[in-house]
Amino acid sequence: MIMSNVTVGRSDIWKPRSKDSWGGVHLKKGAILCTGARIIGKKDKLIVGENTIIGANAVLTCSTGDNEVWAGIPARKVKDRDVID
């Protein structure tokens, strides 16, 4: 789920773009990007884990694990998430 005003992009926009210049962003199943979150990747692929929540206005610059909650600027892991199947 992606809420309003979420930004997904790369942090090194001043570098010339080439085939290998940006790994992209991968959102796994059940990931939630809250309002205003910024997902800023570099050369390697940035992965938001399964069932992971990125809090409102958080600035995520690294990959996350599954079932986690991240918040802040820069985003840090706040806690593990209990997921009921």
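Start by selecting residues 38-41, strand E4, and then bring in E7: the two run parallel and are joined by two bridges. Strands here are DSSP runs of E, at least two residues long, numbered from the N terminus, and two of them count as paired if DSSP finds at least two bridges between them. Before you click on, note that this is a predicted model, where local features need pLDDT of at least 70, side-chain atom pairs count only at pLDDT 80 or more, and totals for chains, interfaces and linings use all residues. Numbering runs from 1 along each chain as its sequence is written, and side-chain values use heavy atoms, with hydrogens and water left out.

Now pick Ile39; its bridge partner in E7 is Leu60. Zoom out and you get an open sheet of three strands, ordered E1-E4-E7, with parallel pairing. E1 (7-10) and E7 (59-60) are the edge strands: each has a single partner strand, so one side of each lacks a neighbour in the sheet.

Next stop, the other sheet. Select E6 (residues 53-54) and E8 (residues 68-71), a parallel pair with two bridges. Ile54 sits opposite Trp70 in E8. These belong to an open sheet of four strands, in the order E3-E6-E8-E9, with mixed pairing. At its edges are E3 (32-33) and E9 (76-80), each with a single partner strand, so each has one side without a neighbour in the sheet.

Last, the cysteines. Cys34 is buried (under 20% relative accessible area, 1.4 Å probe, protein chains only), at 18%. Cys62 comes out at 33%, so it counts as partly exposed, the class between buried and exposed (over 50%). How many disulfides (cysteine sulfur atoms within 2.5 Å) does the structure hold? Zero.

Technical notes
A disulfide is a pair of cysteine sulfur atoms within 2.5 Å.
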